[in-house]
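I opened this notebook to keep track of what I looked up, beginning with charged pairs and moving on to helix faces, the nonpolar core and aromatic rings.

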Amino acid sequence: MQSLLRWGVENSTSSTGPQPTTNKLDPGIIDHILGKPDAQLMKEALIVGLDETQTEDSRLQALDELEMLVQNIDNANDLSKLGLWQPLHGLLLASSSSDTLKMQTLWIIGTALQNNPAAQLAYLDLDPLPTLLKSLSPTSNSAETRSRALYALSGLLKLNAAAVQQMGVVDGWSTLKMCLEDSEIRVRRKTTFLLNTLLLPTSPSSQVNLQPNISLPTSANAPPPIHANSHASMLSDPSSVSTSALTLAAIQEGEEGSLSLLDALILALIEPVPSGVDGEVDRDVEFQENLVRILYTFATSCNGTFSAVQKRNLWGFLGGISTTQGEEDSIFGLTGGEWEELSGAVRS
């Protein structure tokens, strides 16, 4: 502060006399007063996060600061402009990265990808799916890391048909089927929530207005201009956000002698594998509600048809549920009307 005052005095001018030569203010003082630009802070945070000579606590603190910065969508987009995506993803690949460092890295990635098609496409260029899916393995990753891996995977897949298309190539659906039996209940909940999100058909009425302030077209047939922003890819190619058909096909497919993902979802509902470190939790309400919601979406929104065996198994479970509740009451998260629709699809 003293340096700033001295600079102000030295460079003050009077109405008379010769004008003094202006001294340049030390950039360090400017940074102290105004703060460094976010782009600079992001680069510095990742440098520390990558530096193996730093303590793990220092690296985690730096990565935590980076995660807070990329909560801003403009900063998240700057990951690509600054060339930070590759070294960030590299932390997941490095054999020297601890489970905790990988967990924090996944948190950054997931935050940067949320509702950000531009970031999704930039990250997808690195072919990250095999690494993210590997992070879901319980044999080499903690429960917290697996949970955050699903957070990052969800950020990449939601409204991203290109990424969902790649899931079949890298056997990603089998990995999600495995997650339905994860000992960590949060992994199961997030898996089922993600599957329902991917299965839901998109429609113009359900999509967010991405350009609320665009100028009206001069002709009734002229499309609105596509501006360069985070959602430009969605606007220029609306089909790029449609994941329902791909997911519908994936959950019904099954190799000979193995359960389809749809079979696994039904089995998880009627005969759930106990969760918890010691298998102490038999059933979880949220997990069950998510499963029932997926089945409802499959049968009603996607016009899916259950096989005879699936109907028999489901009715053995659903038929024993009391349906005396009124229309306003919730049955496994469904309204009375929705419950009747699902029951009808199972009985038909």
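**Entry 1: charged pairs.** I began with E286 and R189, whose side chains meet in a salt bridge with an N to O distance of 3.7 Å. I then placed the two partners: E286 belongs to helix α17 (residues 285-301) and R189 to helix α13, so this salt bridge ties together parts of the chain that lie 97 residues apart in sequence. I noted that this is a predicted model, and I read every distance here with that in mind.

For accessibility, I found E286 to be partly exposed at 40%, and R189 likewise counts as partly exposed, at 23% relative accessibility. Further salt bridges share partners, and through them E144, R148, E184 and R186 are joined into one network.

I next looked up D182, which forms a salt bridge with R146, their closest N and O atoms being 2.8 Å apart. D182 sits in the loop between α12 (172-179) and α13 (185-199), while R146 sits in helix α10 (residues 143-157), so that the pair links distant parts of the chain, 36 residues apart. Are these two partners buried or exposed? D182 has a relative accessible area of 5%, and because the cut-off for buried is under 20%, I class D182 as buried; R146, at 4% relative accessibility, is buried as well.

As a further case I took K36 and E44, whose side chains form a salt bridge at 3.0 Å, N to O. Here K36 is partly exposed with a relative accessible area of 35%, and E44 is partly exposed at 27%. The count of salt bridges for the structure comes to 9.

**Entry 2: the faces of α18.** I then turned to helix α18 (residues 308-318), in which Q310, K311, L314, F317 and L318 are buried. Viewed down the axis of α18, these buried residues fall within an arc of 130°, so they line one face of the helix. What does the face turned away from the buried side of α18 carry? I found the exposed residues A308, R312 and G316 there. The elements that cover the buried residues of α18 include α16 (261-270), α17 and α19 (336-347).

**Entry 3: the nonpolar core.** The largest nonpolar core has 78 residues, and those with the most contacts inside it are W85, L153, L157, W173, F306 and L342. I followed L342 outward and, leaving aside residues up to four places away in sequence, found that L342 touches V292, L295, Y296, A299, F306, L318 and L334. Of these, L318 is also on my list of buried residues in α18.

**Entry 4: aromatic rings.** My search of the whole structure for aromatic pairs gave 5. For F298 and F306 the ring centres are 5.1 Å apart and the planes stand at 50°, so I record this pair as tilted. Both F298 and F306 are buried. I also noted that F317, F332 and W339 form one aromatic cluster.

**Entry 5: confidence.** Finally I checked the predictor's confidence, and the chain averages a pLDDT of 85, with 77% of the residues scoring at least 70. Where does pLDDT stay under 50? It does so over residues 205-219, for which the model has 14 contacts beyond four places in sequence, and I would read that stretch with caution.

Technical notes. Residues are numbered from 1 along each chain as its sequence is written. This is a predicted model: local features need pLDDT of at least 70, side-chain atom pairs count only at pLDDT 80 or more; totals for chains, interfaces and linings use all residues. Side-chain values use heavy atoms; hydrogens and water are left out. A salt bridge is a side-chain nitrogen of Lys or Arg within 4 Å of a carboxyl oxygen of Asp or Glu. Buried means under 20% relative accessible area, exposed over 50%, partly exposed in between (1.4 Å probe, protein chains only). Helices (H or I, at least four residues) and strands (E, at least two) are DSSP runs, numbered from the N terminus. The arc is that of the directions from the helix axis to the C-beta atoms. Contact means heavy atoms within 4.5 Å. pLDDT is the predictor's confidence in each residue, from 0 to 100. A nonpolar core is a set of buried Ala, Val, Leu, Ile, Met, Phe, Trp, Tyr and Cys residues joined through side-chain atoms within 4.5 Å. Rings of Phe, Tyr and Trp (its six-membered ring) pair if their centres lie within 6.5 Å; planes under 30 degrees apart count as stacked, over 60 as edge-to-face and the rest as tilted.
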